[in-house]
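Please explain how this protein chain is put together, from its overall form down to single residues. A plain account for a first-year student is wanted.

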Amino acid sequence: MEVFIMSLNVLLVCGSGASSGFMAANMRKAAKKAGLDYKIQARSEAELNDYANDIDVLMVGPHLKSEFEALQKSVPDKVVTILMKPDYYSILDGAAAVEHIKSEV
């Protein structure tokens, strides 16, 4: 039987926060449909420090791959940090992103 955490605070970051805003909206719909209590918000990477202590999962846009390690180090160790995959990010597939979270936590 698959076990996953039902309630999570998730932060998506991309360069400016625009594309991740659409992804976050699609992920909220997918999480709700799956019966998951995921609080999902999108912010620019510049705002990460304002939210780092209040999140369980940090999802980083694939275009920030070169900055992933630095972003990972800027959040507490308890935060699961995930580099989003280009295949679902490029089409804003919220359900695939939620599945990715479930596979990592």
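What follows goes from the whole chain to its cores and then to a few residues.

This is a predicted model, in which local features need pLDDT of at least 70 and side-chain atom pairs count only at pLDDT 80 or more, while totals for chains, interfaces and linings use all residues. Residues are numbered from 1 along each chain as its sequence is written, and side-chain values use heavy atoms, with hydrogens and water left out.

The chain contains five helices and four strands. Here helices (H or I, at least four residues) and strands (E, at least two) are DSSP runs, numbered from the N terminus. Their order along the sequence is β-α-β-α-β-α-β-α-α.

The C-alpha atoms fit a box of roughly 35 × 30 × 20 Å along the principal axes. The radius of gyration is 12 Å, which agrees with a compact globule, because one with 105 residues would have a value near 13 Å. This radius is taken over C-alpha atoms, and the globule rule is 2.2 Å times the number of residues to the power 0.38.

Of the 105 residues, 42% count as buried. Buried means under 20% relative accessible area, exposed means over 50%, and partly exposed lies in between (1.4 Å probe, protein chains only). Contact means heavy atoms within 4.5 Å. Among the contacts with a separation of 6 or more, 66% are between residues 24 or more positions apart.

Next come the cores. A nonpolar core is a set of buried Ala, Val, Leu, Ile, Met, Phe, Trp, Tyr and Cys residues joined through side-chain atoms within 4.5 Å. The largest one has 22 residues, and those with the most contacts inside it are Val 10, Leu 12, Met 27, Tyr 38, Ile 40, Met 59 and Ile 101. At least two residues of this core come from each of strand E1 (7-14), helix H1 (18-33), strand E2 (37-44), strand E3 (57-60), helix H4 (86-89) and helix H5 (94-104). H1 supplies the largest share, five residues. Apart from this core lies another, of twelve residues, including Leu 48, Ala 52, Val 60 and Val 75.

Ile 101 shows how distant parts of the sequence meet: leaving aside neighbours within four places, Ile 101 is in contact with Leu 8, Val 10, Met 27, Tyr 38, Val 57, Met 59 and Ile 82.

In the other core, Leu 48 belongs to helix H2 (residues 48-51). Leu 48 counts as buried because its relative accessible area is 2%. Beyond residues up to four places away in sequence, Leu 48 touches Leu 11, Leu 58, Leu 71, Ser 74 and Val 75. Leu 71 is 23 residues from Leu 48 along the chain, and their C-alpha atoms are separated by 8.4 Å.

Two further buried residues touch each other. Cys 14 lies in strand E1 and has a relative accessible area of 2%, while Ser 20 lies in helix H1 and has a relative accessible area of 0%. Outside its neighbours within four places in sequence, Cys 14 has contacts that include Ser 20, Arg 43, His 63 and Tyr 89. With neighbours left aside in the same way, Ser 20 has contacts that include Cys 14, Arg 43 and Tyr 89.

Which residue has a positive phi although it is not a glycine? Leu 92 does, at about 55 degrees. Leu 92 sits in the loop between H4 and H5 and is partly exposed, with a relative accessible area of 26%.
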